[in-house]
Protein chains: 2
Amino acid sequence: MTTNKSRTRGRPRRFDPEAAVATAQRLFHARGYDAVSVADVTDALGINPPSFYAAFGSKVGLYQRVLDHWTDTEAIPLADILRADVPVATALAAMLEDAARRYASDPAAGGCLVLEGTRCTDDGAREAALTLNLGAESFIRDYIAARHPEAAEEAADFVSTTMSGLSAKARAGYDLPRLLATARLAGRVLAQILPA
Amino acid sequence: MTTNKSRTRGRPRRFDPEAAVATAQRLFHARGYDAVSVADVTDALGINPPSFYAAFGSKVGLYQRVLDHWTDTEAIPLADILRADVPVATALAAMLEDAARRYASDPAAGGCLVLEGTRCTDDGAREAALTLNLGAESFIRDYIAARHPEAAEEAADFVSTTMSGLSAKARAGYDLPRLLATARLAGRVLAQILPA
DNA sequence: ATTTATTTGTAGTCACTATTACAAAATACC
DNA sequence: GGTATTTTGTAATAGTGACTACAAATAAAT
């Protein structure tokens with residue numbers, strides 16, 4: 001499927017772009033977009049700046065690739081969790097628990113890659129992360145609105161705020177049990193305002 | 001009270017350090033520690049770098065002064081809100097509402113100065129903010145533990161996480177009604193797990 | 001008026017940032 | 001084997017970050 005027409009001649013690549021994206025994802029997740037320099041990335045990959053810019057174009061270019069890769073591999077599977085055949089509050093509670101587990105899963109890289117990315121100083125990177133996050137929030141709000149239109153905004157805001165808080169606390173070092181306890185408390189409210 | 005022994009001779013100051021701290025506070029709150037350069041501060045104050053370093057020592061030195069000033073003027077008055085003569089859940093709910101109001105009060109500077117400061121890349125500034133935040137969290141946890149020891153950690157974590165989320169969402173542009181609605185939903189859980 | 005203490009303005013240092021010019025090196029094609 | 005094509009390594013560029021050396025300027029104290 002991948003026609004590598006432009007790689008038939010010349011020196012072969014010394015690094016696999018796919019693996020490079022995975023490595024970069026680890027760096028960005030652990031230290032945040034701002035704190036990771038291009039030199040950090042090239043050092044970690046064992047390549048030099050020209051190879052980096054030939055492959056990714058720019059730092060935000062790499063970040064975009066990282067976000068795409070993350071969406072395909074580590075993002076919360078909203079479409080699977082927010083199902084039409086379970087009560088809305090139950091599904092949302094499951095989503096919050098899933099978030100807590102993911103945010104705490106890697107102690108070296110706390111929190112959500114995207115939520116943390118929405119807070120970086122670089123305009124381009126921040127908007128890329130914001131776009132992804134807005135999409136997820138719309139998905140959640142629409143899911144709620146389908147069965148509880150009058151409570152959709154309130155509930156969606158509550159859920160989003162809780163997830164932002166969970167990500168921040170995961171980054172601050174809270175372990176899984178503590179995050180999970182908070183997620184479950186938040187789930188209680190949802191059961192109240194979104195009766196099955 | 002202020003013995004300005006060392007200012008008896010020489011050229012008088014062209015700027016008031018107190019007012020300078022207030023101006024710096026606005027800058028840091030609006031754009032965050034990382035995004036504000038020393039040049040931004042000196043430009044805003046109409047002074048030159050040597051005057052800045054003579055007055056504050058360093059960028060984190062100024063930030064410390066800003067945090068102190070903030071503690072005295074704009075911090076949530078925990079000691080007033082978390083009273084012994086009201087139910088714990090009621091007081092905590094009032095605190096969350098107060099946080100929502102403060103975080104949304106200045107549309108140009110969303111969120112909590114300290115909570116946002118705990119996420120900057122500079123080690124010194126981050127730890128200064130973290131220290132302040134840890135103190136506040138301990139105060140809250142102790143307040144809960146006095147009457148609900150078994151639920152203290154769970155409730156304190158939930159409150160802290162909610163506040164982090166509120167600050168993040170305020171920074172993302174949520175207006176007061178939305179923040180307030182979320183704060184009130186969080187208050188409901190507290191009423192459940194901390195019965196009067 | 002002269003001395004003295006202090007701040008100011010100019011200009012610079014040094015480290016680091018993202019990004020790129022250029023030429024040597026290495027491979028596939030003919 | 002020769003050539004075309006592409007990547008690589010070296011090194012540089014332009015910009016910005018925090019911070020400072022130094023001498024002129026100023027005003028109080030004498």
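A polar contact is a pair of N or O atoms within 3.5 Å, and the views below, taken from a predicted model, begin with contacts of this kind.

**View 1. Polar side chains meet phosphate oxygens of DNA strand C.** In chain B, a polar side-chain atom of B:N48 lies 2.4 Å from a phosphate oxygen of DNA strand C, and for B:S51 the distance from an N or O atom of the side chain to a phosphate oxygen of this strand is 2.8 Å. Chain A takes part through A:Y53, whose side chain places an N or O atom 3.0 Å from a phosphate oxygen of DNA strand C.

**View 2. The protein surface near DNA strand C is built from 21 residues.** Among the residues that surround the strand, the closest are A:Y53, B:R11, B:R14, B:N48 and B:S51. Sorted by class, this surface holds eight polar, seven nonpolar and six charged residues. On the side of the DNA, 77% of the strand's atoms within 4 Å of the protein belong to sugar or phosphate, while the rest belong to bases.

**View 3. Helix α3 of chain A and helix α3 of chain B both contribute to the surface near DNA strand C.** In each of the two chains α3 spans 49–56, and each of these helices supplies at least two residues. The greatest contribution to the surface comes from α3(A), which gives three residues.

**View 4. Chain A and chain B bury about 2,600 Å² between them.** The size of an interface is often given as the accessible area lost when the parts come together. Here carbon and sulfur atoms give 56% of the buried area, and the contact draws on 29 residues from chain A and 28 residues from chain B. Within chain B, the residues that lose the most area to chain A are B:R119, B:T161 and B:L185, which together account for 23% of what that side buries.

**View 5. The cysteines A:C112 and B:C112 are buried.** A disulfide is a covalent bond between the sulfur atoms of two cysteines. With a cut-off of 2.5 Å between the sulfur atoms, the count over all chains comes to zero disulfides. For A:C112, the nearest cysteine sulfur is that of A:C120, 13 Å away, and A:C112 counts as buried because its relative accessibility is 8%. Why does B:C112 form no bond with B:C120? The sulfur of B:C120, although it is the closest cysteine sulfur to that of B:C112, is 13 Å away and therefore too far for a bond. B:C112 is also buried, with a relative accessible area of 7%.

Definitions and conventions:
Residues numbered from 1 in each chain as written. Chains lettered and ligands numbered in written order. Predicted model: local features only at pLDDT ≥ 70, side-chain atom pairs only at ≥ 80, totals over all residues. Heavy atoms only, no water. Near = heavy atom within 4 Å. Polar contact = N/O pair within 3.5 Å; in protein donor to acceptor, adjacent residues only side chain to side chain. Helix = DSSP H or I, 4+ residues; strand = E, 2+ residues; numbered from the N terminus. Nonpolar A, V, L, I, M, F, W, Y, C, P; charged D, E, K, R; others polar. Buried < 20%, exposed > 50% of the residue type's maximum accessible area, 1.4 Å probe, protein only. Contact = heavy atoms within 4.5 Å. Buried area = accessible area lost by both parts, 1.4 Å probe.
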